[in-house]
Amino acid sequence: MKSQVSIVKCAAYKQEDLFPKVKEAIELIGGITKFLKPNSRVLLKPNLLMAIEPQRAITTHPEFVRAVVRILREIGCTMYIGDGPSVFGDNIENIYEVYERTGIKKVADEEKVELITFGKRFMHTYFPLTEWVKECDYVVNLPKFKTHDYMILTGAVKNLFGLIPGTFKLECHKNFYQHEKFANMLLDVYEAVKPALSIVDGISGIEGNGPATSGTKRDFGLIVASSDAVSLDTVLARIMNTHPDYIYTNKEASRRGIGTADITTIEIQGQTLAASIISDFKLPETSLRQTIKNKLPSFIVTFLKKYIYFHPNINSDLCRLCNSCVENCPQRTMSNKGGKIVIDYARCISCFCCKEFCPYAAIKTKKSLLARMMGI
Ligand code: SF4
Ligand code: SF4
């Protein structure tokens, strides 16, 4: 059977409009009871990257989460909402600041849904996962539609990375710093978690140098849903007007036979793909390197790799010395030297975690000379 993805237009987060649109997105692919049994325990996993207001479009909008809560309540589910953003490492109590500022706490309180933390964990092969994955019958994945400096897209597969608790996420960046290896690790998480359903909040999101403050907010006006996160990301790639293979997780999923990454074999319901493609969508600057990778033979890419690279670069005028980047650099290659953040580039793995964690968009992308000469 073909993998199904629904696309529904939705312009705003007004609950009276949003609820029927989210419901429609689910109905178009078979209805909620096709994916979840009534009266089950469900972990809702939004993207709560950092403590920031929902209007910035960096986190899954609380009204979007509310709509899903109400849909699941109709079939008697007991829900738990949680995420484990890397930015606070093992300092689990700080997640409450994230819940507060992203507006999730207010919605959880009003809807009487328990907000959880990922303190308890279990080892699944080589990475830990929150115990809540085992304690709940299903995981419902609620990603935000955003670009990502490192993975190009932070969609349905990437969103599950937050189920790895605490600082182990930084270990993953350190241990799997090549793009393909990191993508494969994300796919291993996806296979371990197997979310029953993914529903993307693409009403507003981030283009350009996402996924955080360096990206640009844009109103996409879309809700995209599927039980196959790989198919969903494949459709998102086309909406971004790029080739699905340019998204590392799609390319690796296709190679490993996980989900459906072939756009021609995905059945799209609702608004057509042609009507959904954003022709002037801005990819991250780093994606151009990926474009080259896909177009040139691998031996040329291997040779050029030494000369075409991207590094983070601190803009001291914007930096407020909050130390978030220093504390979260997986390589411990950043330091505060006399009131200035410096990077030891010899040990930097260009994972761009620092850029993701910077609340003030003070970290930019620095291109190598050859990259600039080639107009990349
Ligand atoms: S400096 Fe930034 S890009 Fe380099 S390793 Fe540290 S977090 Fe990653
Ligand atoms: S996270 Fe941003 S503002 Fe904070 S110290 Fe690093 S560069 Fe400066």
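This note goes through the fold, the domains, one strand and the ligand shells of a predicted model.

1. Overall size. The chain has 376 residues and a radius of gyration of 20 Å. A compact globule with that number of residues would have a value near 21 Å, so the chain agrees with the rule. Along the principal axes, the C-alpha trace spans about 55 × 45 × 40 Å.

2. Secondary structure and packing. There are 16 helices and 16 strands in the chain. Buried residues make up 51% of the 376. Contacts reach far along the sequence: of those between residues at least 6 apart, 76% join residues at least 24 apart.

3. Domains. The assignment gives two parts: domain 1 covers 3-276 and domain 2 covers 296-373. Their centres, taken over C-alpha atoms, are separated by 26 Å.

4. Domain contact. On the domain 1 side, 16 residues take part; they are in contact with 17 residues of domain 2. The touching side of domain 1 is mixed in character: seven residues are nonpolar, six polar and three charged.

5. Strand β1. This strand runs over residues 3-9 and is mostly covered. Six of its seven residues count as buried. β1 has two pairings to look at. With strand β12 (residues 266-270) the sense is parallel, over five bridges. With strand β11 (residues 215-226) the sense is antiparallel, again over five bridges.

6. Ile7 as a reference point. Which residue of β12 stands opposite Ile7? That residue is Gly270. In β11, the residue opposite Ile7 is Val224. Ile7 is therefore a handy place to begin when following β1 and its partners β12 and β11 on screen. As a general point, side chains in a regular strand alternate between the two faces of the sheet.

7. Ligand 1. The shell holds 14 residues. The closest are five cysteines: Cys329, Cys348, Cys351, Cys353 and Cys354. By class, the shell has 11 nonpolar residues, three polar and no charged.

8. Ligand 2. Around this ligand there are also 14 residues. Cys319, Cys322, Ser324, Cys325 and Cys358 come nearest, so a serine joins the cysteines here. The shell divides into 11 nonpolar residues, two polar and one charged.

9. Reading the shell classes. Cysteine counts as nonpolar in this scheme, so the cysteines around each ligand fall in the nonpolar group. The nonpolar count is 11 for ligand 1 and 11 for ligand 2. A charged residue appears in the shell of ligand 2, whereas the shell of ligand 1 has none.

Conventions: Residues numbered from 1 in each chain as written. Chains lettered and ligands numbered in written order. Predicted model: local features only at pLDDT ≥ 70, side-chain atom pairs only at ≥ 80, totals over all residues. Helix = DSSP H or I, 4+ residues; strand = E, 2+ residues; numbered from the N terminus. Rg over C-alpha atoms; globule rule 2.2 N^0.38 Å. Buried ≥ 20, exposed ≤ 12 C-beta atoms within 10 Å, placed from the backbone. Contact = placed C-beta atoms within 7 Å. Near = placed C-beta within 6 Å. Pairing = 2+ DSSP bridges. Domains from an automatic or database assignment.
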